[in-house]
Amino acid sequence: MRNCWVSILALVISVIALMLSYRVAPIDFKDYWGVVLGTLSLLVTLLIGWQIYGSLEMEKQMKDIRKLNLLLVNKMNEIDSQSLNLRAAVNFAQAASIMSQQPITAYKSLSVSLYYGLKAGDSDRVCYALGTMENICKALDTIDKERIPKDINDSLDVFNEKGENVVCEVKKHSEYLLIKDRYEKVEAEMKNVVERLKTCTK
């Protein structure tokens, strides 16, 4: 602000100095046109100064708006990440509550939990979900024929809120390569176990 006023003052003094140095006749305030021209010159100088000040203020406001916009984007990303983490936690809790009675449904909930954990960038959540999926698969592989769960005939396909296949969406994610081997292994083993158990029920 202070630098702006110094610039304006310097501009005014420069214009006045130019007017005085290039004037042929001495200053005569009785001369009507001289007064008019002097006044107009002063007004033009003030107008130019005001324009400079306005542009500097505008630039400052634009910087403030850009900072505010960046802050807002960061806050929105943070809220989005928290929402994804919450969805992952809810699906994990749901799977834990029905795991013993409905392991297939629990496995599907864990797939959704892994999907949201991956989207949120929460590696711990992804590892918990993947590890629990592996445990369900091992438990089903050693189960007795008499204890085959009621939901064994349910489809292993699971969809997100947009109707997209979760397995396909997980494989599309940029971080998928970090879990690719474990994920594809447990998916293949789970399909084999379920098919075997289905044949036992026939």
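On a 1 Å grid over the protein atoms alone, a pocket is an open set of points with protein on both sides within 12 Å along at least five of seven lines, whereas a cavity is a set of points where a 1.4 Å probe fits but cannot get out. Lining residues have an atom within 4 Å of a point. Grid points are joined across faces, edges and corners, and a volume is the space filled by probe spheres set on the points. The model is predicted, with pLDDT of at least 70 needed for local features and 80 or more for side-chain atom pairs, while totals for chains, interfaces and linings use all residues. Numbering starts from 1 along each chain as its sequence is written, and side-chain values use heavy atoms, with hydrogens and water left out.

The protein chain contains six helices and zero strands, where helices (H or I, at least four residues) and strands (E, at least two) are DSSP runs numbered from the N terminus. The order of elements from the N terminus is accordingly written α-α-α-α-α-α. Of the 202 residues in the chain, 28% are buried, a class that requires under 20% relative accessible area with a 1.4 Å probe and protein chains only; exposed means over 50%, and partly exposed lies in between.

Turning to the pocket, the second largest one has a volume of about 320 Å³. Its lining comprises 15 residues, and those nearest the centre are Ser 100, Pro 103, Ile 143, Arg 147 and Pro 149. Helix H4 (residues 123-141) supplies the largest share of this lining, with four residues. Sorted by class, the lining holds eight nonpolar, five polar and two charged residues. Here Ala, Val, Leu, Ile, Met, Phe, Trp, Tyr, Cys and Pro count as nonpolar, Asp, Glu, Lys and Arg as charged, and the others, Gly among them, as polar.

Helix H4 also packs against H3, at an angle of about 160 degrees and with the axes 8 Å apart. The two helices are therefore roughly antiparallel, the term for angles over 145 degrees; under 35 is roughly parallel, 65 to 115 roughly perpendicular and the rest oblique. Axes are lines fitted to C-alpha atoms, for helices over the stretch in contact, and angles run from 0 to 180 degrees between N-to-C directions. The H3 and H4 crossing is left-handed, meaning that the near helix is turned anticlockwise from the far one by less than a right angle (clockwise for right-handed).

Individual residues fill in the picture. Lys 108 sits in helix H3 (residues 103-120) and is buried, at 18% relative accessible area. Its C-alpha lies 8.8 Å from that of Met 133, 25 residues apart in sequence. In helix H4, Leu 130 is buried with a relative accessible area of 1%, and its C-alpha is 6.8 Å from that of Leu 114, 16 residues apart along the chain.

Ser 81, in helix H2 (residues 32-98), is partly exposed at 25% relative accessibility. The C-alpha atoms of Ser 81 and Tyr 116 are 9.3 Å apart, with their positions 35 residues apart in sequence. Lys 171 belongs to helix H5 (residues 166-172) and is partly exposed as well, at 43%.
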